[in-house]
Amino acid sequence: MSKLQFILETIRHPIKTGDILPSQRYLIEEMLKEIQVWNLEARPLGIVEFGGGEGALTKAIVDRVDKLRIDYKVLSFEINSRLAKLNRNRFSNNGEINGNIKIIEDCVENLLPYLSSGKYGIRDADFVISSLPLSHFSKEKTRKILEVARESLRNGGIFTQYQHFPTRYSIVRDFFNDIKVSFVLRNAPPAFVYTCKK
Ligand SMILES: C[S@@+](CC[C@H](N)C(=O)[O-])C[C@H]1O[C@@H](n2cnc3c(N)ncnc32)[C@H](O)[C@@H]1O
């Protein structure tokens, strides 16, 4: 059902939503592969998601950190209120929402004050996971988003981003020096994944 609603939102807002289908298994694995035990520190692991959509990636992030049996906080930003609501419903159990996960209905450009307010339990992120459709955005907007991603990360933190066409790769390089690029064929449509270390 949520997949169908995602498709409907793509028809309503094609530029912002970007994809006709939510991310699938192999792409999700590639996006999240850096979230591993070696990243653990004494504080909760802080993960920020850019463009949570109906929650295919959010759910995978939470499953992954749940398996690591650690303290964590996930903040998932989604600009579309219908999709944010769908995603929030995934994590409510009889009205109780898992307190480690916050689905925030706002654009990622506004992220930094959420972190600095201290209200969300993360002041800087260990991971920023982005499925924003950068190729649909202007270069200026892409720069703003990448600047926010870099600013929000601690030193050594990781930013991952996928794109179906590598049209914004040169801009990503302006913000991150250490980038690994991989290609996931087994996704509809296939995608490049940039794994960038701050
Ligand atoms: C390609 S979809 C990805 C959805 C989901 N994460 C997945 O991988 O299946 C991109 C999502 O980003 C959201 N979005 C677009 N611009 C945004 C912005 N500036 N801030 C937050 N979310 C945004 C769209 O509404 C859409 O749900």
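Start by selecting strands β7 and β9, which pair in the antiparallel sense over six bridges. Keep in mind as you click that this is a predicted model. With the two strands on screen, pick out two pairs across them: tyrosine 162 stands opposite valine 193 in β9, and isoleucine 158 stands opposite lysine 197, also in β9. If you would like a reminder of what holds such neighbours together, strands of a sheet pair through backbone hydrogen bonds, either parallel or antiparallel.

**Next stop: the β8–β9 hairpin**

Add β8 to your selection. It runs antiparallel to β9, with seven bridges joining the two. Here isoleucine 179 is the residue to highlight, standing opposite cysteine 196 in β9. Now follow the chain around the turn: β8 and β9 form a hairpin, and six residues lie between them. Zoom in on proline 189, which sits in that loop between β8 and β9. What is the geometry of the peptide bond from alanine 188 to proline 189? The bond is cis, with omega near -5°. For context, most residues other than glycine have a negative phi, and most peptide bonds are trans.

**Zoom out: the whole sheet**

Show all the strands of the sheet now. It is an open sheet of seven strands in the order β5-β2-β1-β6-β7-β9-β8, and the pairing is mixed. Which strands are at the edges? They are β5 (residues 101–104) and β8, each of which pairs on one side only. Neighbouring strands of this sheet are turned against each other by 15° on average, direction ignored.

**On the sheet: helix α3**

Select residues 25–32, helix α3. This helix packs on the sheet, where it touches β6, β7, β8 and β9, and its direction makes about 170° with that of β8. Colour its buried residues: Leu27, Ile28, Glu30 and Met31. Then turn the view to look down the axis of α3; the buried residues fall within an arc of 165°, so they line one face of the helix. What do they pack against? Their partners are α4, β6 (125–130), β7 (153–163), β8 (178–184) and β9 (191–197).

**The ligand and its shell**

Bring up the ligand next, together with the 22 residues around it. Those that come nearest are Pro22, Ser23, Gly51, Gly53 and Cys107. Two elements, α2 (14–17) and α4 (56–68), give two or more residues to this shell. If you colour the shell by class, you will find ten nonpolar, eight polar and four charged residues.

**Two exposed residues to finish**

From α4, move along the chain to arginine 69, in the loop between α4 and β2 (72–77). Its phi is positive, about 50°, although arginine 69 is not a glycine. Is arginine 69 buried or exposed? It has 8 other C-beta atoms within 10 Å, and a residue with 12 or fewer counts as exposed, so arginine 69 is exposed.

The last selection is glutamate 140, in helix α7 (residues 139–152). Glutamate 140 has 9 C-beta neighbours inside 10 Å and therefore counts as exposed. To link this stop with an earlier one, draw a distance from glutamate 140 to leucine 27: they are 113 residues apart in sequence and 27 Å apart in space, C-alpha to C-alpha. The leucine end of that line is one of the buried residues of α3, while the glutamate end is exposed.

Note on methods: Residues numbered from 1 in each chain as written. Predicted model: local features only at pLDDT ≥ 70, side-chain atom pairs only at ≥ 80, totals over all residues. Near = placed C-beta within 6 Å. Helix = DSSP H or I, 4+ residues; strand = E, 2+ residues; numbered from the N terminus. Nonpolar A, V, L, I, M, F, W, Y, C, P; charged D, E, K, R; others polar. Buried ≥ 20, exposed ≤ 12 C-beta atoms within 10 Å, placed from the backbone. Arc of directions from axis to C-beta. Contact = placed C-beta atoms within 7 Å. Pairing = 2+ DSSP bridges. Axes fitted to C-alpha atoms, helices over the stretch in contact; angles between N-to-C directions.
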